[in-house]
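Thanks for making time for this one. I will put the structure up first, and then walk through it element by element.

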Amino acid sequence: MNILVTGVAGFIGNAVSIALLQRGDKVVGLDNMNNYYSVELKEARLKRLDSEIYRIDICDKQKLMEVFRDNKIDAVVHLAAQAGVRYSLENPQAYIDSNITGTLNIFECCKDFGVKNIVFASSSSVYGDNAKIPFSTEDRTDNPVSLYAATKKSCELMAHTYSHLFGLNITGLRYFTVYGPWGRPDMAPMLFAKNILEGKPIKVFNNGNMKRDFTYIEDIVNGTISCLNHDTQDLRINRIFNIGRGEPVDLMRFIEILENGLGKKAIKEFLPMQAGDVPVTWADTSALEKATGYRPKISLETGIKHFAEWYLEFSHN
Ligand SMILES: NC(=O)c1ccc[n+]([C@@H]2O[C@H](COP(=O)([O-])OP(=O)(O)OC[C@H]3O[C@@H](n4cnc5c(N)ncnc54)[C@H](O)[C@@H]3O)[C@@H](O)[C@H]2O)c1
């Protein structure tokens, strides 16, 4: 297939693209290379790919249409977004632009150019501070506690509309705390690894009373790609799945395993809960397993080992 991957220089988009190329698909990559975090890291990720890359913004509808016009796209993996819960308190407009306007433009182009096979990134954050665990796609998700979550929920609603009105087959994936090599410098694993190695304190929010369903990038990649593998023409699918490991881990346990992987102890600064954050995430992935056979394979110990090995090498270059 000829697959458009948006956010190709990002953590997940880059890893998905590599896997698609490995299985013989052609990847048309797109990214605006914004400086929300290190552009150098995004450039380094792109060097891992042998693909045509469009350095454009999905908010630019005209340029986006040209990409669809110039390439016969069979499927879209839409991962470009303004990510990060905390930054949405600082720069809300970036979320409305990239996540809502940008996603609308993607769906519009898919409609206009007859692309019917679409997978896009939603987020576990749509569950807000859901008291019921594990989080199921049957649970209500109309109480977002950050604007980031509100924009991701909006994407899910738009997906429903475009599927219903125009027969697009769209799968939204609610990702649960993804970690691994080539990860995001604004997320805990890389923030922690950097400070641990530099002998600086790490910020442990809610005094460490947090649980996260940490999910290794390889499992995320396999789950994402498995959702593209359906007969695309006449299904009119609109699906929302959780994709996580399905096993919440205490933040303090995560830190301990990371300390072992890096061979150095962390200096911990215990802090209260941050605005917009939630104390626990835990994915019920049974629906995705039923539909695609998804089963996460990588344990936290193995995943952090791979991550720490990569980080040690990465931080020396
Ligand atoms: N990593 C996680 O744990 C996680 C959890 C839940 C949801 N998600 C979602 O998964 C997707 C991928 O996340 P990631 O961790 O790879 O994030 P990332 O920030 O590493 O990747 C996103 C990429 O999209 C690009 N981008 C942003 N706005 C754009 C725009 N307007 N036009 C073109 N490109 C743009 C960025 O430059 C970046 O390279 C995002 O939609 C994110 O919200 C990620």
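I would like to start with a single pair of residues in the middle of the sheet, where Ala121 stands opposite Leu173 in β6. Before going further, please keep in mind that this is a predicted model, in which local features need pLDDT of at least 70 and side-chain atom pairs count only at pLDDT 80 or more, while totals for chains, interfaces and linings use all residues. Residues are numbered from 1 along each chain as its sequence is written. When I say helix or strand, I mean DSSP runs numbered from the N terminus, H or I with at least four residues for helices and E with at least two for strands.

Staying with that pair of strands, β5 and β6 (residues 169-175) run parallel to one another and are joined by 7 bridges, and another of the partnerships between them is that of Val119 with Thr171. I call two strands paired if DSSP finds at least two bridges between them. Strand β4 (residues 75-78) also pairs with β5 in the parallel sense, over 4 bridges, and there Val76 has Ile118 as its bridge partner.

How much of β5 is buried? I count a residue as buried if 20 or more other C-beta atoms lie within 10 Å of its own, as exposed if 12 or fewer do, and as partly exposed in between, with C-beta atoms placed from the backbone. By that count 7 of the 7 residues of β5 are buried, so the strand is largely enclosed by the rest of the structure. Asn117, Val119, Ala121 and Ser123 point one way from β5, whereas Ile118, Phe120 and Ser122 point the other way, and all are buried.

Stepping back to the sheet, we have 7 strands in an open arrangement, ordered β3-β2-β1-β4-β5-β6-β11, with parallel pairing. At the edges stand β3 (52-54) and β11 (238-243), each with a single partner strand, so one side of each is left without a neighbour in the sheet. From one strand to the next the twist averages 20°.

Within the sheet, Leu30 lies in strand β2 (residues 26-30), and Leu30 counts as buried because it has 27 C-beta neighbours inside 10 Å. Not counting residues up to four places away in sequence, Leu30 touches Leu4, Thr6, Val8, Tyr54, Ile56, Val67 and Ala80, where contact means that the two C-beta atoms, placed from the backbone, lie within 7 Å.

Next, the ligand. Its shell has 27 residues, the closest being Gly7, Gly10, Ala81, Ala121 and Tyr175, and a residue belongs to it if its C-beta atom, placed from the backbone, lies within 6 Å of the molecule. α1 (11-22), α5 (92-112) and β5 (117-123) each supply at least two residues of this shell, with the largest share, 3 residues, coming from α1. By type, the shell divides into 13 nonpolar, 10 polar and 4 charged residues, where Ala, Val, Leu, Ile, Met, Phe, Trp, Tyr, Cys and Pro count as nonpolar, Asp, Glu, Lys and Arg as charged, and the others, Gly among them, as polar.

α1 has a second role in this talk, as its axis comes within 9 Å of that of helix α8 (residues 217-226), crossing at roughly 65°. Those axes are lines fitted to C-alpha atoms, for helices over the stretch in contact, and angles run from 0 to 180 degrees between N-to-C directions. Here Ile12, Ala15, Val16, Ala19 and Leu20 of α1 meet Ile217, Ile220, Val221, Thr224 and Ile225 of α8, a contact made up of 9 nonpolar residues, 1 polar and no charged.

Lastly, some backbone features to check. Most residues other than glycine have a negative phi, and most peptide bonds are trans. A cis peptide bond, with omega about -10°, joins Ile133 and Pro134, and Pro134 sits in the loop between β5 and α6. Met33, in the loop between β2 and α2 (39-46), has a positive phi near 55° and, with 15 C-beta neighbours inside 10 Å, counts as partly exposed. Trp182 likewise has a positive phi, about 65°, but is buried, with 20 other C-beta atoms within 10 Å, and belongs to the loop between β7 (178-179) and α7 (188-198).
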